[in-house]
Structures are given as structure tokens and as C-alpha cells.
Amino acid sequence: MAKKVILGMSGGVDSSVCAYLLLEQGYDVEGLFMRNWDSMLNNDFLGNEDISKDICPQEQDYLDALAVANQLNIKLHRIDFVKEYWENVFQYLIEEYKVGRTPNPDIFCNKYIKFKAFADYAFNQLNADYIAMGHYAKTINGYLYKAKDETKDQSYFLAQLSNEQLSKSLFPLANLRKDEVREIAAKLNLATASKKDSTGICFIGERRFTKFLENYIPAQPGNIIDIHNKKIVGKHNGAMYYTIGQRKGLNLGGYEKPYFVVGHDLKNKVIYVTNADHKEYLLSDKLIAINWNWLAKDYDKNNLTAKFRYRQNDIKCKIKILDNNAIEVIYADTEAVTPGQEVVIYDNDKVVGAAIIDQIFYQGQKKDYL
């Protein structure tokens, strides 16, 4: 009897092709579309250019997923996880921004929604043997690896999952490049073959981000200060709206060289900036990270690399496991390593583990202005 797979169908080309591939592999496939955000219920008005559309992007995604399901003759279920998303992902995001950190909602979407709420429903209500997702990643015996297409690899976003979660998950795109996925969709004439990839905040979509945050964190205007000479160079609406390394949106015209954010003082409502002459304020060479999720204890300690953000080149590193589920990571000078983001540790293409960046150091000094 064929194993039953419940596939997360988002209405995009990746999950659409996954449905076809799973059918080709002989699985009994059903789709499950998740609705995780309600703009009206969640007060999502500022910065939301979709609010006045006749049909919201999320509903269009459902219709696209349904069209593909009908083409492939599979059942498509639909479920709301609006409450779960708000409580487990979005509230965390807002609380982190309030204290000046920059969270990564995609990581928590995966940990608490796609591979927890979705998985629980798939296994307990739909009798799944496995769940499947359209991520570019690979699993082998419950361990996580990079996908073949490293330009699309999403192992970074999956590194807070457990080995148990990974052992019950299938990633049909593990050995495909994005252009190959598009080719398959076009050959099958799938409804999503030419649909653009989704962007923006996980399950929410494109937003004018500073205005979007104002829905949930009231503006707190203050000064923008050049950290090198301590001069006021401009004004801002809220220090918590800006992230380390940010160059756009500062509205600092008329200066010889562009400024970028290097830190902030939320208590005094200050954003610290500098220009390319003083990049040392943006550099770090060591961090402490918390909530260490150890996925692979068998690794070559002399061959470790780290990613501090998605789409970043791997950087050689050394790690030390500390007490209280924390790690120390030492690396060559790197720009814009940011508290609240995730550091993922690799041994070649195998994910060793991941943790949330908490403290940053440079040349032995803690960077308190972060």
C-alpha cells in the first residue's frame, strides 16, 4: 500500500512541482493549504498595499493551489492557523523588534507552523505517513543537508527543526535546480508555471516594512547620530524599525558618503550610523548565540563554516559549546552580524546546528551599541 504524504501547497511553482514528483515516486498524495494571516483581524493596514484589492494575494494563492491540485487530480485540504501564527511567530517578531533585535520569522514559521501545527494536523487528522514541503533542502536519516541548488538552498531556515521532525519530512526538490523546476512546471502546463516566487514576510507577504511595524509598535522619534564623531546627522521615527547594516530609508541626503546603521540606543531613542570610512563599527569576529539546536554531533571540528544570514557565503569558524544551551562562534572579520538573527553551523553541506545570535564582539570588546 502506498505511503500517504500530505504536501504543503502554497500556490507557488515549487510546491506544485513537488506534488507531481511525489506522484511519480508512487506516493498517495494530498495537498494542504494553510491560511496563516488575516489582515483585518490582525490590524494590518499601514504599509499594506494589498488591503484594497478585490481578492487578497493569500486567496489567490489558494485558487492557484486548487487549480494545480485539480490538474494533477489530487485532493486539496484547507486549514487556518491564524491564531497559531500570531501566538508562536508574530508576537515573538514584535517583541524582538521592541528590544532592538532583528528576528527571522521564516525560521519560526518552519519550527512552529509548517513542521508543528501543519504536521500535527497532517499526522493526526489526515493520517499521513510523511509530510512534504517545497523547500530546497535535503534530509538523510533525520539529518539536514544543503540542497543541490545552493543559490536556492533553504537549510538555513530549517536548522531549528528537530531530527524527529526532519525524519518525517520529504523535500522533493533536494536534487533539482530552480530552472529545472520551472521546466517541469512548463512541460506539464501547470497553472503556476510562470508565477513569480513569493517575497516579503513569511505568510504575510510584501509590506512597506517600517510602516507595517507601526501597526504594532508606536513611533518613537529621535536622533540619528554619527557614532564616530557623535554629531547629530538626522532624525528617525523609531530606532527599533532599523536593522544593522541598513542603508536605505534613513533619509540622510546631502552627505558626501552614504550612511548605514551600526547600532541603536532604544532607551534614548538613538540610531547610530557611520559611513564607509569607519566600517570597523560594523565588524565583528566573535558571537555568543543561545537556544542551540544540535542536529549532527558527528562533524569535523576543523571544517566548520557559519552563515549569519540567508544568502551569505559560508565563513570558516570555530565553535565552543557553552553551558545553558549556548555556543561561542569565532570567525574572521565580518560585517553586520546582527542580534536576533540565526547562526547556522555547517560541516561541508551537513547542518551541524543553529542558534539565535545574542551578543557580538570585536577584537575582544562587546559591541554594546548593538
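Which helix does Ser16 lie in? Ser16 belongs to helix H1, and the notes below start around there.

1. A word on the model. This is a predicted model, where local features need pLDDT of at least 70, side-chain atom pairs count only at pLDDT 80 or more, and totals for chains, interfaces and linings use all residues. Residues are numbered from 1 along each chain as its sequence is written, and side-chain values use heavy atoms, with hydrogens and water left out.

2. Ser16. This serine is buried, with a relative accessible area of 1% (buried means under 20% relative accessible area, exposed over 50%, partly exposed in between, with a 1.4 Å probe and protein chains only). Setting aside neighbours within four places in sequence, Ser16 is in contact with Val68, Leu72, Leu190 and Thr192 (contact means heavy atoms within 4.5 Å). Helices here are DSSP runs of H or I with at least four residues, strands are runs of E with at least two, and both are numbered from the N terminus.

3. Ser15. Helix H1 also holds Ser15, which is buried at a relative accessible area of 4%. Apart from neighbours within four places in sequence, Ser15 has contacts with Leu7, Gly8, Met9 and Ser10. The Ser15 side chain also reaches the backbone oxygen of Gly12, at 3.5 Å.

4. Gly11. You will find Gly11 in the loop between strand S1 (4–8) and helix H1 (13–24). Gly11 is buried, with a relative accessible area of 3%. Not counting residues up to four places away in sequence, Gly11 touches Asp61, Asp64, Ala65, Thr192 and Lys195. Thr192 is thus a contact of Gly11 and also of Ser16.

5. The annotated binding site. In an unreviewed entry, UniProt gives a "binding site" annotation that covers Gly8, Met9, Ser10, Gly11, Gly12, Val13, Asp14, Ser15, Met34 and Gly134. UniProt positions follow the numbering used here, feature names are shortened, and annotations may be inferred rather than shown by experiment.

6. The annotated central domain. For residues 211–274, UniProt (unreviewed entry) lists "domain: tRNA-specific 2-thiouridylase MnmA-like central". Over that stretch the chain is 6% helix and 33% strand, and the end C-alpha atoms are 24 Å apart.

7. Ile319. Further along the chain, Ile319 has its place in strand S14 (residues 315–321). Which residues does Ile319 touch, not counting those up to four places away in sequence? They are Tyr299, Leu304, Glu328, Val329 and Ile345. As for Val89, which is 230 residues from Ile319 along the chain, the C-alpha atoms of the two are separated by 28 Å.

Terms used
Polar contact = N/O pair within 3.5 Å; in protein donor to acceptor, adjacent residues only side chain to side chain.
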